[in-house]
Amino acid sequence: MDERAADVPSEIRRHHDLAIPVDGETVAATRYEPVDADGPAPTLLMYVPYPKDDMITYGAYDPLNRYLAGHGYEVVVADMVGTGASTGRLDSMFGPNEGREAGAIVEWLADRDWSNGRVGMYGKSYGGITALAAAARNPDALDAIVPVHTPFTGSRNAYSYGGLFELYYIGMSWLTLMQALDAKPPSRRDPDGEWVDVWQEHLEAARERGPFLMDFLDHGVGDEYWDGTRIPIEEIETPTLAVGGTRDSYARDTVDYFEAIDAPKQLLLGPWRHTMPHRGRETAVGFRKKARDWFDHFLKDEPRDVVEEPPVQVWTERDGGGAVDGGDWQGLDRWPDARGDADAVEFALTPDGLRRATDYDAGTVDRAVEPDFTVGIDSMHPPGAAVPSRDTNEDDARSLTFESEPLADPLEFTGTGTATVRLRTTVDDPTLSVRVVDVAPDGSATMVTHGTERIRRDGAGDGGDPLPDGEGAVDVTLKPKSHCFERGHRVRVAVASALFPQFMPTGTDGETTVHSTPAAPSVVRLPGRFLDGGLRNVVDLPEPDDALPPVADSVTASDATWERTREEIGDTATVRNTSSLSLSLPHVDMSRAGTYEVTIDADDPSSVVARSELEWTLAYPTEDVTVIASNRFDRDTAEATTEVRRDGWTVFEERWTR
């Protein structure tokens with residue numbers, strides 16, 4: 001264990017009223033001051049649209065902020081322009097203004113008398129986006145960044161790499177949250193009452209613009225709406241600790257921007273969902289110490305040997321995947337990618353199942369993919385929940401599957417895999433989903449990785465028509481992963497026309513057939529090798545440090561449910577998620593409750609209907625304020641409503657339709 005794990009952070013002091021001038025607006029920020037700092041200290045910035053005084057930022061990230069401040073950093077958490085307690089309007093997301101604003105804040109912070117002029121940035125998801133966006137502008141004072149679970153292209157916040165709308169995580173969950181935040185008042189009320197003017201400005205902007213849900217549904221991949229939202233990651237010269245999770249939606253984004261950056265860098269890729277690495281289920285690591293080491297090395301000139309560590313550190317699953325502590329960390333020189341020159345094990349889809357491509361010498365596959373748009377509900381992980389991986393057998397039974405013989409030797413798969421599937425289809429707008437599954441000797445099945453593509457035979461998407469005359473080969477990139485198929489396990493490849501409810505289903509009536517021959521096989525390539533011993537490069541990472549004061553999480557009470565059902569007679573699938581969270585902060589008591597439900601018929605992709613509602617209450621000593629954001633949408637229509645109540649009286653209500 002790192003000998004510094006026993007270090008206790010020193011005392012810090014919060015300043016909640018830091019005001020930063022940016023582009024004619026005032027950015028509201030909280031400053032965490034290290035009380036025992038010996039003169040000016042390096043400064044760390046988190047710049048997000050999740051209000052700094054609420055349960056998302058204050059409640060979730062306050063322990064990390066205090067930890068870093070307690071180890072000698074000035075830490076500043078700032079509300080993005082047009083959000084929280086900052087003035088201005090949020091008229092669009094992911095635009096170049098965000099990098100410009102963050103860069104301006106970096107330079108302003110470097111010029112404070114309590115700063116030594118060296119600044120770092122960090123944050124999860126949107127906080128990582130602004131860190132990358134600022135670094136791409138290369139402000140003089142920005143010396144290191146730590147983005148966590150971060151995309152770098154605006155359209156990737158709505159659509160997958162395969163061009164499919166992110167139905168559940170984005171459309172139903174995140175966009176409903178953003179709709180509520182559009183209308184929620186600043187939770188900390190300044191004595192001068194300026195919070196009222198800020199709130200009214202934000203409400204008027206929300207009324208005129210409408211929910212981002214409508215824009216995201218209307219503007220697909222390649223639409224000019226997304227012009228200017230791609231961060232030029234190849235221009236980043238800032239030392240970067242890139243952090244991602246193989247169960248998170250942005251694993252491939254993390255790998256791609258890591259590879260593009262030309263600067264001192266390191267990739268930490270664990271088995272995490274959209275959660276911080278020190279709170280992971282399958283394994284938790286001392287991420288706070290790791291981030292601190294990165295910043296110490298580049299901002300304090302305290303050598304931590306971070307540049308001597310393996311540039312890639314990845315968790316390799318063992319024991320079928322999904323088990324707590326069922327795996328090992330490996331250190332690699334680079335990320336393996338079957339799209340490049342990585343060594344790969346190639347399997348072919350054959351009449352006898354899944355076989356090594358070199359062993360496929362006879363027979364033809366010509367098998368239909370039966371349309372079933374419920375496939376996916378047994379492969380999807382509940383968002384943010386500490387639950388084991390799902391058994392995917394029911395999804396697999398509704399898919400076209402190819403399975404290997406039991407493995408004589410373990411197969412380690414580490415990297416970005418690919419699939420080439422030869423199709424013949426009469427569907428105008430088909431989806432192709434390829435899932436790679438680990439089948440244990442007892443028959444239980446766990447999804448390892450997947451790739452899902454919207455093929456767009458009508459040529460309406462990027463790349464035109466990949467299937468002229470309805471026939472040809474479709475290349476699918478699989479999600480980055482590191483997994484060991486154990487001896488005696490089988491490798492299963494499942495081909496389907498949906499991955500629900502992760503992605504909005506596409507397609508119409510028609511038939512799709514998978515074709516494979518020895519001369520022109522359909523194949524799956526997995527970077528890796530068969531093992532004749534153990535893993536190659538096992539490394540140790542810092543242990544978690546959650547027990548150290550004062551880094552325990554703020555006191556919260558939460559509850560969540562996740563239900564997935566198939567109604568047998570009508571063959572309709574339903575996924576329903578409820579969640580609630582309460583948090584008592586020094587300035588307000590908060591409670592939040594959400595309900596999210598989506599249904600679809602197995603034989604009709606146009607039957608999908610998504611409903612969501614989020615109710616957020618702020619209980620002040622003098623009044624209660626409640627914001628209710630609700631949505632209903634399908635493939636063609638959408639309806640959204642936002643209501644604000646003060647002590648039960650409606651003071652704002654707006655309805656938008658598509």
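User: What makes the packing of helix H1 and helix H8 oblique in this predicted model?

Analyst: H1 (residues 55-69) and H8 pack at an angle of about 45 degrees. Angles under 35 degrees count as roughly parallel, and 65 to 115 as roughly perpendicular. The angle falls in neither range, so the two helices are oblique to each other. Their axes lie 11 Å apart. The crossing of H1 and H8 is right-handed.

User: Which residues of H1 and H8 meet?

Analyst: From H1 come Pro63, Leu64, Tyr67 and Leu68. From H8 come Arg288, Lys289 and Arg292.

User: How do you know that the reach of H8 is close to the expected one?

Analyst: H8 (residues 287-299) has 13 residues. At 1.5 Å a residue, 18 Å is expected. From its first C-alpha to its last, H8 reaches 18 Å.

User: What makes H8 a mostly covered helix?

Analyst: The count of buried residues does: 13 of its 13 residues are buried. Asp301 follows H8, and its phi is positive, near 60 degrees.

User: How do you know that the span of H2 agrees with its number of residues?

Analyst: H2 (residues 96-110) has 15 residues. At 1.5 Å a residue they should span 21 Å. The end C-alpha atoms are 22 Å apart, which agrees.

User: Which residues of H2 are buried?

Analyst: They are Glu98, Gly99, Glu101, Ala102, Gly103, Ile105, Val106, Trp108, Leu109 and Ala110.

User: Why is Arg252 called buried?

Analyst: Its relative accessible area is 17%. Buried means under 20%, so Arg252 qualifies. Arg252 lies in helix H7 (residues 251-260). Beyond four places in sequence, Arg252 touches Tyr161, Arg339, Thr477 and Pro480.

User: Is Asp256 buried or exposed, and how do you know?

Analyst: Asp256 has a relative accessible area of 16%. The cut-off for buried is under 20%, so Asp256 is buried. Asp256 also has its place in helix H7. Leaving aside neighbours within four places in sequence, its contacts are Phe152, Tyr161, Ile233 and Arg339.

User: What makes Leu267 count as buried?

Analyst: Leu267 has 0% relative accessibility. That is under 20%, so Leu267 counts as buried. Leu267 lies in strand S8 (residues 265-270). Apart from neighbours within four places in sequence, Leu267 is in contact with Ala242, Thr254, Val255, Phe258, Pro311, Val312, Gln313 and Trp335.

User: What separates the C-alpha atoms of Leu267 and Gly162?

Analyst: They are 24 Å apart. Along the chain, the two residues are 105 residues apart.

User: Why is His274 called partly exposed?

Analyst: Its relative accessible area is 32%. Buried means under 20% and exposed over 50%, so His274 falls in between. His274 lies in the loop between S8 and H8. Leaving aside its neighbours within four places in sequence, His274 is in contact with Lys124, Ser125, His149, Asp248 and Tyr250. The C-alpha atoms of His274 and Ser249 are separated by 7.6 Å, with their positions 25 residues apart along the chain.

User: Why is Asn138 called partly exposed?

Analyst: Asn138 has a relative accessible area of 27%. The value lies between the 20% and 50% cut-offs, so Asn138 is partly exposed. Asn138 lies in the loop between helix H3 (126-135) and strand S6 (142-148). Its phi is positive, about 50 degrees, although Asn138 is not a glycine.

User: Where does Asp647 lie?

Analyst: Asp647 is in the loop between strand S29 (638-646) and strand S30 (649-657). Asp647 has a positive phi of about 50 degrees, and is not a glycine.

User: Which residues does a cis peptide bond join?

Analyst: The bond joins Phe500 and Pro501, and omega is about 5 degrees. Pro501 lies in the loop between strand S21 (490-496) and strand S22 (512-516).

User: Which residues touch the most other members of the largest nonpolar core?

Analyst: Ile20, Tyr47, Met121, Trp174, Phe216 and Phe633 do, in a core of 142 residues. Helix H4 (residues 167-183) gives the most to this core, with 11 residues. Another core, of 34 residues, lies apart from it. Among its members are Leu349, Leu467, Val523 and Val524.

User: What does Met121 touch?

Analyst: Beyond four places in sequence, its contacts include Leu45, Tyr47, Ala102, Val106 and Phe295.

Terms used: Residues are numbered from 1 along each chain as its sequence is written. This is a predicted model: local features need pLDDT of at least 70, side-chain atom pairs count only at pLDDT 80 or more; totals for chains, interfaces and linings use all residues. Side-chain values use heavy atoms; hydrogens and water are left out. A nonpolar core is a set of buried Ala, Val, Leu, Ile, Met, Phe, Trp, Tyr and Cys residues joined through side-chain atoms within 4.5 Å. Buried means under 20% relative accessible area, exposed over 50%, partly exposed in between (1.4 Å probe, protein chains only). Helices (H or I, at least four residues) and strands (E, at least two) are DSSP runs, numbered from the N terminus. Contact means heavy atoms within 4.5 Å. The expected span of a helix is 1.5 Å times one less than its number of residues. Axes are lines fitted to C-alpha atoms, for helices over the stretch in contact, and angles run from 0 to 180 degrees between N-to-C directions. Angles under 35 degrees count as roughly parallel, over 145 as roughly antiparallel, 65 to 115 as roughly perpendicular and the rest as oblique. A crossing is left-handed if the near helix is turned anticlockwise from the far one by less than a right angle, and right-handed if clockwise.
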